[in-house]
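Got a minute to go through this model with me? I'd like to ask how its labels were earned.

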Amino acid sequence: MSRTSIVSIDVRGFRAFGTVPAHFELDAPLTVAHAGNSQGKTSLAEAVEFLLSGRSSRRELLGGAKAEYNDSLRNAHLPDDDDEVFVEAVLRTADGSLHRVRRNLTGDFGRGAECESRLLVDGSEVSDLSSVGLMLADPPVRAPVLLQHILRHALSTEPKQRVAYFKSLLSLSDLDLLRARVAEARKQLEQEPDGPWLQRVATLPTELSDARDRLQAIVRTASSDGGAVVDALSTELREVAGAATGEHYSTLADAKTGLETRAKTKAEALFPTARFVAAPIPSVELEVPDTTAYRDALVSIEGEVARLLPVFTAVLRVDEFAELTASVDCPVCATPEALTPARLDTLRAELAHASNLDQTAATTLASIGRAGETLTALAEFVRAGMPTADSLSETELTALAAKLQDWHLPPTLVRDAHATAAALIDSTQALVTAGREVRETLATLRLAVERRELPPDPATAFDSLRTALDAVRRKRELHAEAVSKLETAIAPVVEERAEIADHRQLLTLLDGVAGLAGDVIRSSERQRALIRLKAAEKALQDASVELLDARFAEMSDTIKSWWLTIRPDELVDFMGVRTRAGGTRFVNLIAALHAEAGTSPVVRDAPRRLQRLTAERARPVDLPGTHRTP
């Protein structure tokens, strides 16, 4: 045999079976249980079902209140203290080995409680019988043993529920489960929102509806090549920017500049905010040049030697003195034969001793140069970074204040920005003066180092500059706060009245082309995945219907043969099981009604008719005709 079979079964205390275990030998291809009514045929079949599934399907299949089935599994005549209710069987698996399987009833159906049991295979507790090759079917019939229950349920249930039942009975629910999971994946993808950049595209104003449609169209045709998508978006955005400004742009950077310039021009024409804005103070450190190492090196050398070291260096660089063998006239003082080989050796020795001084001097000069660069940055800030609002006349200032009042904004906003701008400009005067003093100090310091002289101390001049810079920083912070309040208050009004909202939104997209491309690629891939999922969903649905029809055709032949066995020569004939409404919602049982034997039948949906006739004929024999062991 190629599957697991029941060799024998013992039942005690289960339904109709009493305290003496009933033993049945079933080790045959076909076993017939024949007896009158109420002799235990149904109890035997339910014992097999209980052994396999731990349940009784009649509670789910036959309707009525579940309470009607309370205490229905344990034999009603067992003594209260008798807990030996079990079904035990010897199974032969596909490999020919024998196993003893036993299920003990530990709790009957009760008020709000399901039945409970304990399953053993060869003495070891298990959760199911998969280890011996027995797999349960889908609910509600986990172990389809009792045909009378199954048939009664199939005939009495609604056509819509009959589909689910037959799929479960025929083990076809896996396709529906897979299709349900595919449908859930599709719903999740459909509900997944677009990325933030595509959401910005979707909210572009009406004036840019054409641009919005064109950008969204890229999603439908985009590939997974990030570079190609970026190029396509860049081209589209350049054209959109050109349409908005009336210009032609060859690069995205040019388009951005054009939009920014146009938006700024329109905004400034409405309210000159830029005149109140000051540039940020350069992020500089006022580093005082450190002359300590230079001073120490200079002190270690005689003052006159140190002063003349540049002259010594210049003399030794003359090529004709490199290999001097006789006295020559001094090139500096023109003294006859004053420059001798011995004197050159002395000069070389002095330079070698003073080499550390040259290095420290170079380091000190570099420090002086950095300090000078700091002064230059501060001077540029004062020259070009100051607000120009201080040049506004009182008439112009009053007009701006009146404009704010017309916009229902506090006029003091522009007054405060103007006042803090003037205070900032005033504070820079001390900075300019202190900077001039530091620059003069640096010049003196540089000259002293170049001459190898002791330098002056620059600390005092730098202290004055630091104090002036701190004052400018405080004024700059007060001014920035006032300007920020002004800009924040007027920004929405200016954007609306100057009609530059579309420019701002386009600029945002221009800055985020890479992010927009990522959103486009993800959205395009999601759309392609949705197409595949919908196709898979339909294919699974078609396959489910096709497979169900094939199984129904096979099952219809079997049922018809069985029908003719129990009801030969009847005017009511069984025609088959058929689906309708696409095969996914309804299953009909079809009967053929004959006026006379041998005549052409009239076909009708007839589950009630079949149910009554089946119940009438099936009553004497609970297991119709024969019962094949699992």
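**Labels and the reasons behind them**

Q: This is a predicted model, so let's start with helix H17 (residues 501-511): which of its residues are buried?
A: Asp502, His503, Leu506, Leu507, Leu509 and Leu510 are the buried residues of H17.

Q: What puts them on the same side of H17?
A: Their arc around the axis is only 160°, so they sit on the same side of H17.

Q: Why does glutamate 236 count as buried?
A: Buried means under 20% relative accessible area. Glutamate 236 comes in at 14%, so it counts as buried. This residue is found in helix H8 (residues 226-245).

Q: And which residues does glutamate 236 touch, leaving out those up to four places away in sequence?
A: Its contacts are Arg214, Leu215 and Ile218.

Q: What makes phenylalanine 17 and phenylalanine 24 an aromatic pair, and is it stacked or edge-to-face?
A: Ring centres have to lie within 6.5 Å, and these two are 6.0 Å apart, so they pair. The planes make an angle of 85°, and over 60 degrees counts as edge-to-face, so that's the label. The structure holds three aromatic pairs, this being one of them.

Q: Why is phenylalanine 17 called buried, and why is phenylalanine 24 called partly exposed?
A: Phenylalanine 17 has 10% relative accessibility, which falls under the 20% cut-off, so it's buried. Phenylalanine 24 has 25%, which lies between 20% and 50%, so it counts as partly exposed.

Q: How do you know that arginine 103 lies over the face of phenylalanine 50?
A: There are two tests: CZ of Arg must be within 6 Å of the ring centre and within 35 degrees of the ring normal. Arginine 103 is at 5.9 Å from the ring centre, so the distance test is met, and it is listed as lying over the face of phenylalanine 50.

Q: Which ring does arginine 200 lie over?
A: Arginine 200 lies over the face of tryptophan 197, at 4.4 Å from the ring centre.

Q: How do you know that strand S1 (residues 5-12) pairs with strand S3 (residues 86-92)?
A: Pairing takes at least two bridges, and S1 and S3 have seven, in the antiparallel sense, so they pair. One of the matches is valine 11 with its bridge partner in S3, valine 87.

Q: What about S1 and strand S2 (residues 22-25): how many bridges join them?
A: Four, with the strands running antiparallel. Aspartate 10 stands opposite histidine 23 in S2.

Q: What makes S1 mostly covered?
A: Eight of its eight residues are buried.

Conventions: Residues numbered from 1 in each chain as written. Predicted model: local features only at pLDDT ≥ 70, side-chain atom pairs only at ≥ 80, totals over all residues. Heavy atoms only, no water. Phe/Tyr/Trp six-rings, centres within 6.5 Å; stacked < 30°, edge-to-face > 60°. Buried < 20%, exposed > 50% of the residue type's maximum accessible area, 1.4 Å probe, protein only. Arc of directions from axis to C-beta. Contact = heavy atoms within 4.5 Å.
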